[in-house]
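Welcome! Take a moment to look over the chain shown below, and then we can walk through it together.

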Amino acid sequence: MDRILKLIKPIYILVFFLLISLNAFAGDYHNYKKPEDVVASIYRDFAFEAIMQDYWRNASLIDQPKKILLLYFTNELASLIIKDRQNQIKTRELGRLDFNLIFDSQDPGAMDLQISPVDKSNIVKVQFRYPGNGEQICLAYKVVSTSQGWRIKDIIYKNSGSLLKLLSNQN
């Protein structure tokens, strides 16, 4: 029995340190050091939407639970995205989010995507071209520092304006 306990004790210690290490890594994963990192992260994590839409059904950004949305967005914006999805389910009609948030299109795609460093007004600019027609797209991400790190407060689209305003006008 003592021999078994001597063998198990190091295993428990190893597992304990592994769990602490994994937890620390997971916490750092979305604690962005620079404001533009939150924008880069959302593109890294959801770029598949532009190339494999049908394969990843219900895995798109706007289908994520609030816990995941809060890794990128402020509580206000995440709550509004959830509210729009709930209204869509309730009414069985298209919600205000009838486009892909990070590609500003119903048919996401991007070539030559560039993310600029944050400017003095806490805006991170994203530019890319649509593969089909070469149209240049520019998005402005308003980011804020929160207790959980940098988060996206709003996205400004060239043609449709502020995401925050669009979602705030829900009934």
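What follows is a short tour of the chain, one helix and a few backbone angles.

Please keep in mind that this is a predicted model. The chain has 171 residues, and 36% of them count as buried. It holds six helices and five strands. If you read along the sequence, you meet them in the pattern α-α-α-α-α-β-β-β-β-β-α. Among contacts with a separation of 6 or more, 48% join residues 24 or more positions apart. The accessible surface comes to about 11100 Å², and carbon and sulfur atoms make up 57% of that area.

Now let us visit helix α5. This helix covers residues 75–91, which is 17 residues. From first C-alpha to last it reaches 24 Å, close to the 24 Å expected at 1.5 Å a residue. Which residues of α5 are buried? They are Leu77, Ala78, Leu80, Ile81, Ile82, Asp84 and Arg85. The cover over these buried residues includes α4 (66–69), β4 (149–157) and α6 (163–168).

Next come some backbone angles. Most residues other than glycine have a negative phi. The table lists three residues with a positive phi.

| Residue | Phi | Place |
|---|---|---|
| Arg92 | near 60 degrees | follows α5 |
| Asp104 | about 50 degrees | loop between α5 and β1 (111–115) |
| Asn122 | near 60 degrees | loop between β1 and β2 (123–129) |

How exposed is Asn122? Asn122 counts as partly exposed because its relative accessible area is 28%, which falls between the 20% and 50% cut-offs.

Conventions
Residues numbered from 1 in each chain as written. Predicted model: local features only at pLDDT ≥ 70, side-chain atom pairs only at ≥ 80, totals over all residues. Heavy atoms only, no water. Helix = DSSP H or I, 4+ residues; strand = E, 2+ residues; numbered from the N terminus. Buried < 20%, exposed > 50% of the residue type's maximum accessible area, 1.4 Å probe, protein only. Contact = heavy atoms within 4.5 Å. Areas by Shrake-Rupley, 256 points an atom, 1.4 Å probe, with all protein chains shown as cover. Expected span 1.5 Å × (residues − 1).
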